Amino acid sequence: MFDFNKPLWMNWELNNICNLMCPQCRRNEIRDGELVKKDGMDNRDNSLETFKKVYKNIGHPVGLIRFQGQLSENVASKDFLPICDFIISQGTTIGLSTHGSLRSKDWWYRLGEVFAKDNSFVSNPSSSSHVFFCIDGMGPELGLYRIGANYDKIIENAQAFIKGGGNAIWRMIIFKHNQYQIEEAEKEATRLGFSDFVTCHTDRRSAWQPFTYKGKEYNLEIQDRFPEWNKKVTKNDEFRQGNTFEPIACKAVDENQFYINCYNKVWACYYLPDYDDLAEEQDWYREYHEDDSNNLEEKTFDEILENKFYEALQMSWDVESKCLSMCKRKCSVFSGITRQFEFASGRVVKNLSGGSIQKYFDA
Ligand SMILES: C[S@@+](CC[C@H](N)C(=O)[O-])C[C@H]1O[C@@H](n2cnc3c(N)ncnc32)[C@H](O)[C@@H]1O
Ligand code: SF4
Ligand code: SF4
């Protein structure tokens with residue numbers, strides 16, 4: 001169960017804005033063979049003032065804020081830099097995941113200076129504020145998944161961040177088109193001063209068929225260098241079709257982590273928010289899904305947690321008829337596949353990537 005005697009982790013989405021078109025991102029979909037952005041995007045941002053109010057309404061110590069996003073690029077937020085400055089001044093660590101293409105070198109240098117103020121880096125590098133630069137390939141390969149990204153610009157921005165004193169990690173999702181670049185990318189990461197290099201596998205099997213975007217044809221293919229990962233994804237697909245019930249190990253509970261969406265609504269984890277199909281599975285989910293008042297602008301965190309959703313969710317993991325399909329899919333002990341680091345080459349920043357329930361190796 002969630003432990004309110006320990007600092008909480010928050011996975012926070014500041015906006016719903018992004019300028020890239022990654023084909024497997026929840027923001028986008030393929031309609032009639034063409035990649036398009038879903039409706040209702042790019043219209044929400046949170047100011048520094050709102051952020052401070054919401055942060056205060058949490059009312060519990062916050063150990064880590066992950067700006068990891070479900071459907072956004074947090075760096076696109078107008079006040080992102082002062083928001084980070086504020087968070088670090090409160091003694092909270094930041095973990096950002098970014099495509100790295102937005103903003104100028106000067107802006108990234110200043111962000112590096114802000115992140116360097118988190119002095120836990122000196123005594124414990126693995127727990128300092130850090131940025132995952134999502135660089136899924138070198139040169140033109142990058143743009144085959146990160147559609148709209150420019151490799152040279154990202155590298156320039158990452159170098160400026162490192163020069164400003166920031167802790168940068170190169171994170172690479174493996175596809176067939178970049179699988180031959182892993183070793184070269186790791187060498188480049190070391191040469192450029194990244195503190196770590198991490199490979200990542202995906203279980204998303206959408207967009208594994210040709211599609212077009214702005215008149216150009218794309219054909220994203222599954223990697224075949226790590227067949228044991230593909231086997232595990234197939235096993236999980238079969239498991240999901242069977243809708244079988246297994247012991248659940250909730251990742252959110254394990255990390256003491258909540259998710260705050262761009263409307264400042266609180267959720268137990270980022271796998272669950274606002275899905276209409278989950279609303280059809282359980283009434284307690286539907287009621288919470290339809291009630292927008294559980295946000296940190298209107299209520300405190302403790303008030304929100306009184307909602308029966310949280311109790312019902314935690315009870316649901318032990319009762320087959322109550323358990324959500326997403327919990328089975330992501331967090332079944334034997335068949336969930338969130339523990340992808342087991343298959344990753346490269347080092348992982350320990351304890352900051354779901355590490356306590358995920359296995360990882362040193363390279
Ligand atoms: C939706 S993104 C939002 C954050 C930011 N825009 C970014 O891309 O880093 C959240 C996380 O999903 C990861 N991601 C994107 N496409 C993915 C895929 N096909 N499989 C697994 N993870 C993916 C991103 O690298 C990022 O760490
Ligand atoms: S950069 Fe991040 S938010 Fe933007 S489309 Fe890609 S995965 Fe989605
Ligand atoms: S999907 Fe369910 S079990 Fe998994 S982290 Fe989210 S709430 Fe917990």
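Helices here are DSSP runs of H or I at least four residues long, numbered from the N terminus. With that in hand, F51 is a handy place to start in this predicted model: F51 sits in helix 1, which spans residues 48-58. A residue counts as buried once 20 or more other C-beta atoms lie within 10 Å of its own, and F51 makes the cut because 21 do. Setting aside residues up to four places away in sequence, F51 touches N46 and I83. A279 lies 228 residues from F51 along the chain, and the C-alpha atoms of the two are 29 Å apart.

Now for the sheet. Eight strands make up an open, mixed sheet, and their order runs 8-7-6-5-4-1-11-12. The edges belong to strand 8 (196-200) and strand 12 (266-267); each has a single partner strand, so one side of each has no neighbour in the sheet. Further in, strand 5 (residues 93-98) and strand 6 (residues 130-134) run parallel and are joined by four bridges. One residue pair to look for there is S97 and F132, with F132 of strand 6 acting as the bridge partner of S97.

Helix 7 (residues 182-192) is worth a look from both sides. Its buried residues are A185, E186 and A189. They span an arc of only 100° around the axis, so they end up on the same side of helix 7. What do the buried residues of helix 7 pack against? They pack against strand 7 (168-173) and strand 8, the latter being one of the edge strands of the sheet. The face turned away from the buried side of helix 7 carries E183, E184, K187 and R191, which are exposed. Right after helix 7 comes G193, with a positive phi near 95°.

As for the interior, the largest nonpolar core counts 75 residues, and F133, W170 and F258 have the most contacts inside it. Neighbours within four places in sequence aside, F258 is in contact with L8, M10, A252, V266, W267 and A268. Two of these partners, A252 and A268, turn up again among the residues around ligand 3.

The rest of the ligand 3 surroundings consists of I248, C250, K251, C269, Y271, L272, M326, C327, K330 and C331. Helix 9 (251-255) and helix 14 (325-331) each put at least two residues into this shell, and helix 14 gives the most, with four. Sorted by class, the shell around ligand 3 holds ten nonpolar and two charged residues, and no polar ones. Ligand 1 has 16 residues around it, and the closest are Q24, G69, S97, C134 and T202. S97 is thus named both here and in the bridge to F132. The shell around ligand 1 comes out as six nonpolar, eight polar and two charged residues.

G33 gives a last stop, in the loop between strand 2 (28-31) and strand 3 (34-37). Is G33 buried or exposed? G33 counts as exposed, because it has 10 C-beta neighbours inside 10 Å and the limit for exposed is 12 or fewer. Apart from neighbours within four places in sequence, G33 is in contact with F211 and T212. The C-alpha atoms of G33 and I169 are separated by 34 Å, with the two positions 136 residues apart along the chain.

Definitions and conventions. Residues are numbered from 1 along each chain as its sequence is written. Chains are lettered from A and ligands numbered from 1 in the order in which they are written. This is a predicted model: local features need pLDDT of at least 70, side-chain atom pairs count only at pLDDT 80 or more; totals for chains, interfaces and linings use all residues. A residue is near a molecule or strand if its C-beta atom, placed from the backbone, lies within 6 Å of it. Ala, Val, Leu, Ile, Met, Phe, Trp, Tyr, Cys and Pro count as nonpolar, Asp, Glu, Lys and Arg as charged, and the others, Gly among them, as polar. Two residues are in contact if their C-beta atoms, placed from the backbone, lie within 7 Å. Two strands pair if DSSP finds at least two bridges between them. The arc is that of the directions from the helix axis to the C-beta atoms. A nonpolar core is a set of buried Ala, Val, Leu, Ile, Met, Phe, Trp, Tyr and Cys residues joined through C-beta atoms within 7 Å.
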